[in-house]
Amino acid sequence: MDNEPVILAIGRIERALSRIESAKSTENRDIDPALAARHEALKSEMQQAIQTIDSLIERQEH
């Protein structure tokens, strides 16, 4: 399958985001605000990257 490396990469990204979210929810609530802001920025960038990859796959399939 031509898309297999992309699909595997997306899966790794999603699992990493899930681990980050899990760690964030179980940590002490006194999180450094700068670190929390960086986390949200990274999360947003990853979501945009996944959307871009999805768009590229969609165009390739049609």
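A helix is a DSSP run of H or I with at least four residues, numbered from the N terminus. The exercises below concern a predicted model.

**Exercise 1.** Determine which helix holds Glu61, and whether Glu61 is buried or exposed.

*Solution.* Step 1: the chain has two helices and zero strands. Step 2: Glu61 is found in helix H2, which covers residues 33-61. Step 3: the relative accessible area of Glu61 is 51%. Step 4: a residue counts as exposed over 50%, so Glu61 is exposed.

**Exercise 2.** Identify the residues of the negative surface patch and the helix that gives the most to the patch.

*Solution.* Step 1: the patch of negative charge is formed by Glu14, Asp54, Glu58 and Glu61. Step 2: helix H2 gives the most, with three residues.

**Exercise 3.** Compare the reach of H2 with its expected span.

*Solution.* Step 1: H2 contains 29 residues. Step 2: the expected span is 1.5 Å times one less than the number of residues, which comes to 42 Å for H2. Step 3: from first C-alpha to last, H2 reaches 42 Å, close to the expected value.

**Exercise 4.** State how Ala9 and Ile50 differ in burial, and how far apart they are in space.

*Solution.* Step 1: Ala9 has its place in helix H1 (residues 4-26). Step 2: with a relative accessible area of 23%, Ala9 is partly exposed, because buried means under 20%. Step 3: Ile50 is buried in H2, as are His39 and Ile57. Step 4: Ala9 and Ile50 lie 41 residues apart in sequence, and their C-alpha atoms are 9.8 Å apart in space.

Methods
Residues numbered from 1 in each chain as written. Predicted model: local features only at pLDDT ≥ 70, side-chain atom pairs only at ≥ 80, totals over all residues. Heavy atoms only, no water. Patch = residues over 30% accessible without salt bridge, like charges linked within 9 Å, V, L, I, M, F, W, Y side chains within 5 Å. Areas by Shrake-Rupley, 256 points an atom, 1.4 Å probe, with all protein chains shown as cover. Salt bridge = Lys/Arg side-chain N within 4 Å of Asp/Glu carboxyl O. Lys, Arg positive; Asp, Glu negative; His and termini not counted. Charge placed at Lys NZ, Arg CZ, Asp CG, Glu CD. Buried < 20%, exposed > 50% of the residue type's maximum accessible area, 1.4 Å probe, protein only.
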